[in-house]
Amino acid sequence: MTPPLNQIVEHIRSTDNFLVLSHVAPDGDALGSMLAMGELLAALGKNVTLFNESGIPNRFTWLAPKREILTELPAVEPDSLIVLDCGSPERAGQVIAPWLKAKTVLNMDHHLGNPMFGTLNWVEQRASSVGEMVGMLAKKLDVPLVGLLGEYVYLALISDTGDFCFNNTRPETLVMAAEILRQGLLPGPFHEQKQSTGTINQLQMRGTVLKRARLHANGQISLIAFTRELFEQTGTGPEDTEGLVNTVLYVRGVQVAISLREEETGIKFSLRSKGSINVQVVAAHFGGGGHRNAAGGTLNMHMDEAKTTMVQAVTEELARS
Ligand SMILES: [Mn+2]
């Protein structure tokens, strides 16, 4: 067992009141690991409050969590904060920022380049997901991955591994998934619930985006772009873009897929790569972050400039690989 896990176990055993939070615009790992941590701490008889600045996105309302997810700071101050899936403290959002500086912070994450901003830091880059780390913690604390705890860990596992297809799927990940199934989770209905969240507007918006997809660098780069104009025309929004970048990565010959999304704060970019091509370094160059095969960030420029900039940066990284 790794020393940080020991320290986290000791800290949890000796502390009573926790605030558990994950990054803004949460994905399946951020939500799954946060909800799972809530169940785990409750199973240990601890007081736990959940916090996420963005709340629960529409595509996850089917989870219908029993435990409330606060979007404002709670009135009662916790003894400790557990920060999940945040590659940097900024990812936790602005509301919580003062507490991150002032309080005891357990930083549990799996991103490359995490700056170890916590009082205790457990950063496991090899873990498929932070949900997997919560599962490891549960095992260490003798809490079985049963019921909601199992479901939430499973959500985190399948979300960050692309249903166990990405390189970050390790034997330990599948052993944990097997354990959750052994405890009673049925994967068929679970996946069906998770997938059945689209709308016809979303489908048509995605059709338009795919129709406009382009290849660059002799077919090694694919690029899609979501404009605010298109969101307005189709009655959709940023969260309807989820996952489409993977679709354009799987075009034959493509090594890197770029997705650009126009937001009020600038252009959000998402990068996906195949094999050993590292898009985390490209994202980091523009102040973003992530993993070797999946990374992102924000560009403060217009869409046309963002397209040229990202294609050039990725082309240079391809030349280095
Ligand atoms: Mn994650």
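This report walks through a predicted model, starting at its metal site and moving on to helix contacts and a few individual residues.

## The manganese site

Let's start with the metal. Four protein residues donate to the manganese ion: Asp-29 and Asp-85 through OD, His-110 through NE2, and Asp-160 through OD. These donors sit 2.1 to 2.3 Å from the ion. If you want to find them along the chain, look for the spacing D-x55-D-x24-H-x49-D.

Two of these donors are worth a closer look. Asp-29 belongs to helix 2 (residues 28-43) and Asp-160 to helix 5 (residues 147-160), so the pair ties together parts of the chain that are 131 residues apart in sequence. Are Asp-29 and Asp-160 buried or exposed? Both of them are buried.

## Helices 4, 5 and 6

Next up is a set of three helices, taken in pairs. Begin with helix 4 and helix 5, whose axes come within 8 Å and cross at roughly 145 degrees. On the helix 4 side you'll find Gly-131, Glu-132, Gly-135 and Ala-138, and they meet Leu-149, Val-153, Ala-156 and Leu-157 of helix 5. Sorted by class, this contact of helix 4 with helix 5 has five nonpolar residues, two polar ones and one charged one.

Now take helix 5 with helix 6 (residues 171-182). Their axes come within 10 Å, again with a crossing angle of roughly 145 degrees, and the crossing is left-handed. Helix 5 brings Gly-150, Val-153, Tyr-154 and Leu-157 to the contact, while helix 6 brings Thr-173, Met-176, Ala-177, Ile-180 and Leu-181. Which classes of residue make up the contact of helix 5 with helix 6? Seven are nonpolar and two are polar, with no charged residues.

That leaves helix 4 (residues 130-140) and helix 6, with axes that come within 11 Å and cross at roughly 65 degrees. Helix 4 passes helix 6 in a left-handed crossing. Here Glu-132, Gly-135 and Met-136 of helix 4 face Glu-172, Thr-173 and Met-176 of helix 6. By class, the contact of helix 4 with helix 6 splits into two nonpolar, two polar and two charged residues.

## Asn-52, tucked into a loop

Asn-52 sits in the loop between strand 2 (47-51) and strand 3 (69-70). You might wonder how it counts as buried while being part of a loop: its relative accessible area is 0%, and the cut-off for buried is under 20%.

What does Asn-52 touch? Leaving aside residues up to four places away in sequence, its contacts are Ser-22, His-23, Val-24, Pro-26, Met-34, Ile-69, Leu-70 and Thr-71. The side chain of Asn-52 also reaches the backbone nitrogen of Ser-54, at 3.0 Å.

## Two unusual backbone angles

Most residues other than glycine have a negative phi. Ala-25 goes the other way, with a positive phi of about 45 degrees. Ala-25 lies in the loop between strand 1 (17-22) and helix 2, and its relative accessibility of 57% makes it exposed.

Phe-164 is another residue with a positive phi, about 65 degrees, although it is not a glycine. You'll see Phe-164 in the loop between helix 5 and helix 6. Is Phe-164 buried, exposed or partly exposed? Phe-164 is partly exposed, with a relative accessible area of 23%.

## Toward the two ends

Two more residues round out the tour. Gln-7 is part of helix 1 (residues 3-14) and counts as partly exposed at 42% relative accessibility. How far apart in space are Gln-7 and Gln-233? From C-alpha to C-alpha the gap is 52 Å, and the two are 226 residues apart in sequence.

Ala-313 is found in helix 12 (residues 303-320) and counts as buried, at 12% relative accessibility. Not counting residues up to four places away in sequence, Ala-313 touches Val-282 and Phe-286. The C-alpha atoms of Ala-313 and Val-279 are separated by 9.8 Å, although these residues are 34 residues apart along the chain.

Technical notes
Residues numbered from 1 in each chain as written. Predicted model: local features only at pLDDT ≥ 70, side-chain atom pairs only at ≥ 80, totals over all residues. Heavy atoms only, no water. Donors = N, O, S within 2.8 Å, 3.2 Å for Na, K, Ca; no water. Helix = DSSP H or I, 4+ residues; strand = E, 2+ residues; numbered from the N terminus. Buried < 20%, exposed > 50% of the residue type's maximum accessible area, 1.4 Å probe, protein only. Axes fitted to C-alpha atoms, helices over the stretch in contact; angles between N-to-C directions. Left-handed = near helix turned anticlockwise from the far one by under 90°. Contact = heavy atoms within 4.5 Å. Nonpolar A, V, L, I, M, F, W, Y, C, P; charged D, E, K, R; others polar. Polar contact = N/O pair within 3.5 Å; in protein donor to acceptor, adjacent residues only side chain to side chain.
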